[in-house]
Every structure is written in structure tokens, then in C-alpha cells.
Amino acid sequence: EVFTFNKVEIKVQPSFKVKNGDPMSIVCHADISKSTDFQLKHNFTIFKDGKVVFTTVSGKGDARYEISVARSSDTGVYECTVEAGGKTKSSNSLRVWVKGMTKPILTVEKKEVLEGEVVKLRCELPEEEPPLYFYFWKTKMNSTPKEKDVFEPYRNFSVVEFAVEEGDNILQFDCFVKRYVQSEFESSEHSNKTLVTVREPFIKPALSVKPSSNITEGDRIQFECSTVVARMRDIEIILQKNKTILSSVRDEKILKYSAVATLEDSGEYLCKVEQGKASKTTKLNVDVSELFPKPILSASMNKLDENKELTLSCSVSGFRKANFSILRKNSNGDVWLKNFRNLTMRVDVNDTGSYICKAEVKGIVKESKPVRINVYAPVSKPTLSVVSGLPEVVLGKPLRLICRSATGTPPITFTFYKGNEVKKTVINDTYATFLDENIRQNDKRGYKCDAKNNHSSGVKTSNILNITVIVPIRNASLGSVPYGVVEDGSEAAFLCSVNEGSWPILFRIFRKTDHEVLLFEKSENADRVMWRKEAMHRQDTGTYYCMASNRANVDVKSHPITISVILASWQKGIIAAFVLIPIAGAVIFTLWWFLWKKKK
């Protein structure tokens, strides 16, 4: 008994596109060739998206997987595998699409609710499989629906809550569902529509004010806010203006609030009633007329010298019968000066500050804009000096000057002069500095500075400051007489000189052997100095150099010279005598001995 699989086929009836709710069949057919007509059992397995959905054993070459009501969850890729006599054969893949979805079912927890409560909804598709996208609609009469959407990856229903807001009366709710199929969204039809009736827990509040019109500053105004409630528990009434809470009551139906009217009380008032999540508001505009304008404070002078007389006057346009007071502003509280419309006083610098006046009519107090008064003490004669101390500067270095006035009310204007040329103007409190970076060697112009402020005494000028320009040492050199070689015991003269440099100059001469030895030091108002050493000796042989410095504080070193001390002529004669006398004696003795020998 020999057989072989020719092929295995899979198909769907009536079509690979099936309408949701219609029946469909997945048919698997095995085409087999046999050597003889013998009975063969076939094991059929049908897969959807890789998962087994149907199995059967048959002696025939066909198997049918019946789906009486197709749903969108039946959409997928189907495949059939047949096993017979130890042999297995699979079909090609077949994609089936069930179009459309079942109508969702919407249920509501309560059909009647109060404002501030919530409506709990459940939308369900019992015959569909997740993942699903649920969309809920809340519709007020003659308005656009409000939507909430929820993604449910693991269940075929979803639950949401909608808040019941002020103004809601009869609400309609429905839902629909979408799923992602074949790279696009497929949508169900809308569910059944469900109506929910809304009852008010309390009525919109009534807000009134007395007097209702022609309110003027100083009048007492009374606000009353009331409502009618179904249940008194946890009711709260709040009165606000510009988000500021003026008054509130709990577990009462009426709120009352009164105040003396001011111009600032004009504006919009809001009465809000709250109970649980429910809230209702009423607004009311109030217009308060001005009783009298703000007072105006005027000063006889805003800037004046100390010990001068100042008069402050307070007035209200078109209104004379008012209680006036004049005060000085202070960070720790205004300082009262006088209960009258006019104030005259002799001032000093401590009276500098801001002043106001207040006017009171019928219990309404208004304040003027502040008036700034500046009292000035005269500047003292300024002093001009060098910041570093001494009135001198090294050529090539900048010169920093400071001008200072010991007394005087700031701001003070300082002006620096070099000769008669204005170099810089600075406004500061008590001092100012000036940097002159253009210092020349032969510049003879003196410096001075002016100081002035707003005092009527005018400008004060410092004394002239003359500056000494210190020229640094340049090119020190050392020479000697005799030069290079000196006889032992003889005198040597050393001359240390510079090409340039301000006096006095400190000259120092050194000899360098194993270490440096200071031989001579002297300060001179000259560009050279001579040092004489009366007797030179052999130990004075060595290298000599000189250093020169002045108030520029820069040591300038000369090139070194070498001095060799040799024997004097008389010293050479003595040495020669000591050498030649013994030689002469030996010659005479030799000659005498030779003559004596000859006589014998």
C-alpha cells in the first residue's frame, strides 16, 4: 500500500471577505495518489495566526471548519496541515477578513443624578476579542458631544465616569468601538443611546447689594447672597472680588457682608455656592462714585540747601472741608509731622526723603503721591593725592590719582585737570579716581580736581599737585684706572656711571670671586661715582661690576671687568737681588780659588 501527497489546499466559503455576523467555512482538501484503493485515515489541523483552532480525523480527503457567526476576531491568516500514514503535508496560507463589528452594549449605573455627581458608564462587546479602542460620548441637549477614549488591550469592555456639571439637565450617552485590522482602523456602529436626568441640589444663588445704585465713597454697602437647597448638609456660600474671598458661611442659606464703600470697591463681585462637587455662581457689578479726589502735595522747592526754609502744602481739588495731615515716608512706618494742610520748616540733610499728605472726609482717607525732597550740604574743598602715597611716578608706569571731599551731600561731580585740560569727569558719592597712562619725562603740568554738588555754593577746587617723574636707570657701566693690570700696593680708581636715571642714584661696586663681596656703596645726586682704593694687593685680583638703582626700584648691572694685581718694580728688584748676589759670590769665590791655585 503506497500513497503520496500531491498537494494540500485551503479555502474559505463563501469568500475571503466575510461580513460580520454571517456564517463562513474554512475547507481543507488533501489530494492523495494511492497504489491501490485502500482506506487511509487523515488527521486534519487548521491554524489561525499560528494557533490551532480546529482538528478532526476523517477517512475522506476533506475537512470543514464551520463558523456559524463570523466576528472581526475571526480575521487572520489560516493554514491547514494533514497527517496520514506517517506523512505530513501543509497548505499555503490564506488571509481571511471579517469586515465590520458587532454593536456595543452601553449600560448606565444610575438614570438620575445630582449636579456634582458622576455618571458611571460601561461599554461592552461580548462577542469581540481585545485589543479594542472604546469611545464614550456625553451629549447635552443641542450641543456638541464631549468624548472620552480608552484603550483596552486585554478585555472586551471598558468603564468610564463623566462629571455632572452646572447647567446639565438631560444628558444622552452612547459609545462605539474601533479595532486595528489589516493596517487600518475598523469602527463599530454606535451603541444604544441612554438618557440620564440631572437634578439640581440647590438653585443658582441670588446676589444683591444695598443701596442698589448711586453708591458714593463713605456709604455703607451691604451684600446679600442666598440660595434654595434640597439638603442643607455641607453647603457653603462664598463671596469674592477679584479672586479675593471677602466672606463665607457653611450650612446656611444666606450670606451677609457689609463695608464702608471706597473707590477701590468698584468692580465685579461673585457669589459661589458649593456642595460636594456641585458649584453655581452669580456675578454682580458695583460702581462706587468718588466722594473727593486724591489730595495733592506741593513743595516750595524739591532741591534746596541745608538751613533753608521748606513749605509743604496739601490740597484737594474742589474740596476744602477735609482733615489734613502731612507725613514723611519711612520703611518702618510713616512719621507724622503735622495735622494741617501746610507745614513750614528749616531743613538739614537729615530731612532728605519722600513726603505725603492724607485727607479724610466721612471716614474715607486718601493719600497723595509722594514728593521727593533733597537737602544738600556743601562739598568741602577736595584733596588730590596719589593712590600709592608719594607724589611721584615711574616713567612708563600709569599714575592713579584720587580726589576726595570729606563732606558734601552726594551725588558729587568730580572733574580732573592736567594743567588746564579737563581729563575726566566722574559722578560718585565721596571720591573719584583718575588713571593717567600718558606720563612723559619732561611734562611739567600739575594736576588738580574740582568737586561740586547741587548746593548753591558752587565748585570747590583742590590745591595743585605736582608729580615727580622718576626716570629708571639705563645702561650702567664700570671702568678702572689703571685698566686690567694693577701693581701690587698701587692705587686703583673705579668709575661707575649710567646713561640715564633720576637722582639720587645708589651706586654699589662688587667683587666676585667664589662669592659676591660689596666693596663700595654710595647715593649720589649725579650720574656717576668714583671710588679709589689706595693699595691693591694680590687678593684683590678678580671680577668687578657695579649696580645702580633709584626710586624706580630697578637694579641695573654693568658688564664685569677683570682686574689682575701683579708685583711692583721694587719687589721685582729685591727678588732679583736675592737671586743674583749668591750667584756673584759663587763666581768671585771660584775666581779666587783659581788664582790661589795658580800661585802655588
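**View 1. Spans that the UniProt record marks as Ig-like domains.** The unreviewed UniProt entry places the feature "domain: Ig-like" at residues 104–287, 293–372, 382–466 and 472–564. The structure shown here is a predicted model, and two of these spans can be described in it. Over residues 293–372 the chain is 55% strand and 0% helix, with the C-alpha atoms at its two ends 21 Å apart. Residues 382–466 are 49% strand and 0% helix, and in this span the end C-alpha atoms lie 16 Å apart.

**View 2. The largest nonpolar core.** This core holds 26 residues, among which F5, M24, I26, Y78 and V82 touch the most other members. The elements that contribute two or more residues to it are strand 1 (3–13), strand 3 (24–34), strand 4 (42–48), strand 6 (62–67), strand 7 (76–84) and strand 9 (94–99). Gathering of this kind is a general tendency, since in soluble globular proteins nonpolar side chains tend to be buried together. When residues up to four places away in sequence are not counted, I26 touches I10, K11, V12, I46, A63, R64, Y65, Y78 and V96.

**View 3. Strand 12 and its two partners.** Strand 12 (residues 118–124) has a covered face made of V119, L121 and C123, while its uncovered face is made of V118, K120, R122 and E124. Strand 10 (residues 105–108) runs antiparallel to strand 12 and is joined to it by four bridges, and in this pairing T107 stands opposite R122. Strand 15 (residues 157–163) also pairs with strand 12 in the antiparallel sense, here over seven bridges, and the bridge partner of K120 in strand 15 is E161.

**View 4. K48 and the largest pocket.** K48 has its place in strand 4, and K48 counts as buried because its relative accessibility is 17%, which is under the 20% cut-off. Leaving out residues up to four places away in sequence, K48 touches V53, S73, D74, T75, G76, V77 and Y78. The largest pocket has a volume of about 450 Å³, and of the 20 residues that line it, K48, D49, S73, T75 and R179 lie nearest its centre. Strand 5 (51–58), strand 7 and strand 16 (170–181) each supply at least two residues of the lining of this pocket, and strand 16 gives the most, with three residues.

**View 5. P398 in a loop.** P398 is found in the loop that lies between strand 38 (392–394) and strand 39 (399–404). Why does P398 count as partly exposed? The reason is that P398 has a relative accessibility of 44%, and partly exposed residues are those between the limits of 20% and 50%. Setting aside its neighbours within four places in sequence, P398 is in contact with V393, L435, D436 and E437. P398 and N420, which are 22 residues apart in sequence, are 20 Å apart in space from C-alpha to C-alpha.

**View 6. S497 within a strand.** The last view turns to S497, which has its place in strand 48 (residues 492–500). Is S497 buried or exposed? With a relative accessible area of 13%, S497 is buried. If residues up to four places away in sequence are not counted, S497 touches N475, A476, S477, F507, D527 and R528.

Note on methods:
Residues are numbered from 1 along each chain as its sequence is written. This is a predicted model: local features need pLDDT of at least 70, side-chain atom pairs count only at pLDDT 80 or more; totals for chains, interfaces and linings use all residues. Side-chain values use heavy atoms; hydrogens and water are left out. A nonpolar core is a set of buried Ala, Val, Leu, Ile, Met, Phe, Trp, Tyr and Cys residues joined through side-chain atoms within 4.5 Å. Buried means under 20% relative accessible area, exposed over 50%, partly exposed in between (1.4 Å probe, protein chains only). Contact means heavy atoms within 4.5 Å. UniProt positions are given in the numbering used here, feature names are shortened, and annotations may be inferred rather than shown by experiment. Two strands pair if DSSP finds at least two bridges between them. On a 1 Å grid over the protein atoms alone, a cavity is a set of points where a 1.4 Å probe fits but cannot get out, and a pocket is an open set with protein on both sides within 12 Å along at least five of seven lines; lining residues have an atom within 4 Å of a point. Grid points are joined across faces, edges and corners, and a volume is the space filled by probe spheres set on the points.
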